[in-house]
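Please read the following briefing alongside the sequence and the model. It begins with one side-chain contact and then turns to the strands, the loops and the confidence of the prediction.

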Amino acid sequence: MSPEPQPAARSAPARPAPARSAVVRPASAAPAGSAPARPAPDIRPLMAGFPSGVGVVTTFAGDGSPRGMTCTSLCSVSLDPPILLVCLGTGSHTLKAVRESGSFAVNLLHARGRPTAELFASGALDRFDRVVWRAGADDAGPHLTEDAHIIADCSVVGDRVVGDHAVLMGEVRATVPVRREPPLLYGLRRFSVWPHPVDAVRPVRDAVG
């Protein structure tokens with residue numbers, strides 16, 4: 001698929017200063033003479049049994065170049081104000097760019113977006129040359145207009161390092177519905193599709209734990 005031409009140079013919109021990050025440190029070592037600590041359990045089988053939607057988090061680096069990666073660690077934190085949480089690996093170039101810009105976009109992929117999910121999880125350097133995207137002056141990151149069913153533009157309001165990931169809190173400043181298609185899902189180490197037609201889905205009252 002040929003990428004859309006990149007937009008003409010524009011003045012960068014004012015962006016909030018990135019929030020200061022914090023590090024959550026592991027508990028202190030056990031005192032001498034105590035029983036050796038058990039190895040940490042592998043939680044991957046646990047999380048494989050918790051299917052989720054699939055998103056691509058995108059942003060712009062300091063030089064204006066696009067950055068992005070596939071992310072399934074996404075959830076709602078608050079409705080008022082509207083806050084989302086995403087988790088990105090601490091070694092990610094996308095995380096570095098998010099911290100530079102202070103903002104990011106969440107592109108939730110539809111059922112036909114699996115190739116894009118795999119592409120942005122692969123580390124391919126030419127990923128943005130292989131998808132259709134656009135970026136307006138007010139967009140927090142590239143919008144994957146062919147592969148997303150809805151997009152959220154977010155400003156970073158929290159940044160905390162936990163283990164090998166950074167937990168980013170993003171205040172949603174705009175949502176952009178793109179197309180009415182079933183969402184792409186990931187669980188049990190494979191991709192799947194929402195089993196019911198989108199038109200048959202009835203809205204229910206939002207709940208935040």
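In this predicted model, the side chains of H143 and D153 are joined by a polar contact of 2.9 Å. H143 belongs to the loop between α3 and β8, while D153 has A174 as its bridge partner in β9.

**Surroundings of H143**
- H143 counts as buried because its relative accessible area is 1%, and the cut-off for that term is under 20%.
- When its neighbours within four places in sequence are left aside, H143 is in contact with A105, N107, V132, W133, R134, I151, D153 and V176, so that D153, the partner in the polar contact of 2.9 Å, also appears in this list.

**The loop between α3 and β8**
- V131 is also placed in the loop that runs between α3 (114-122) and β8 (148-162).
- With a relative accessible area of 2%, V131 is buried, as is H143 with its value of 1%.
- Although V131 and D147 are 16 residues apart along the chain, a distance of 8.5 Å separates their C-alpha atoms.

**Strand pairing around β9**
- β9, which covers residues 165-177, pairs with β6 in the antiparallel sense over 7 bridges, and within this part of the model G89 stands opposite H165 in β9.
- β9 also pairs with β8, again in the antiparallel sense, over 12 bridges, and the bridge partners D153 and A174 can be looked up here, with A174 lying in β9.
- The hairpin of β8 and β9 has 2 residues between the strands, and G163 in this hairpin takes a positive phi near 60°.

**A cis peptide bond before β6**
- The peptide bond that leads from D80 to P81 is cis, with an omega near 0°.
- P81 itself is found in the loop between β5 (74-79) and β6 (82-89).

**Confidence of the prediction**
- The chain has a mean pLDDT of 81, and 73% of its residues reach 70 or more.
- Over residues 1-16 the pLDDT stays under 50, and for this stretch the model has 29 contacts beyond four places in sequence.
- Residues 201-209 likewise have a pLDDT below 50, and this stretch has 5 contacts in the model beyond near neighbours in sequence.
- Where pLDDT is low, the predicted coordinates should not be interpreted in detail.

Conventions:
Residues are numbered from 1 along each chain as its sequence is written. This is a predicted model: local features need pLDDT of at least 70, side-chain atom pairs count only at pLDDT 80 or more; totals for chains, interfaces and linings use all residues. Side-chain values use heavy atoms; hydrogens and water are left out. Helices (H or I, at least four residues) and strands (E, at least two) are DSSP runs, numbered from the N terminus. Buried means under 20% relative accessible area, exposed over 50%, partly exposed in between (1.4 Å probe, protein chains only). A polar contact is a pair of N or O atoms within 3.5 Å; within protein, one must be able to donate a hydrogen and the other to accept it, and residues adjacent in sequence count only if both atoms are side-chain atoms. Contact means heavy atoms within 4.5 Å. pLDDT is the predictor's confidence in each residue, from 0 to 100. Two strands pair if DSSP finds at least two bridges between them.
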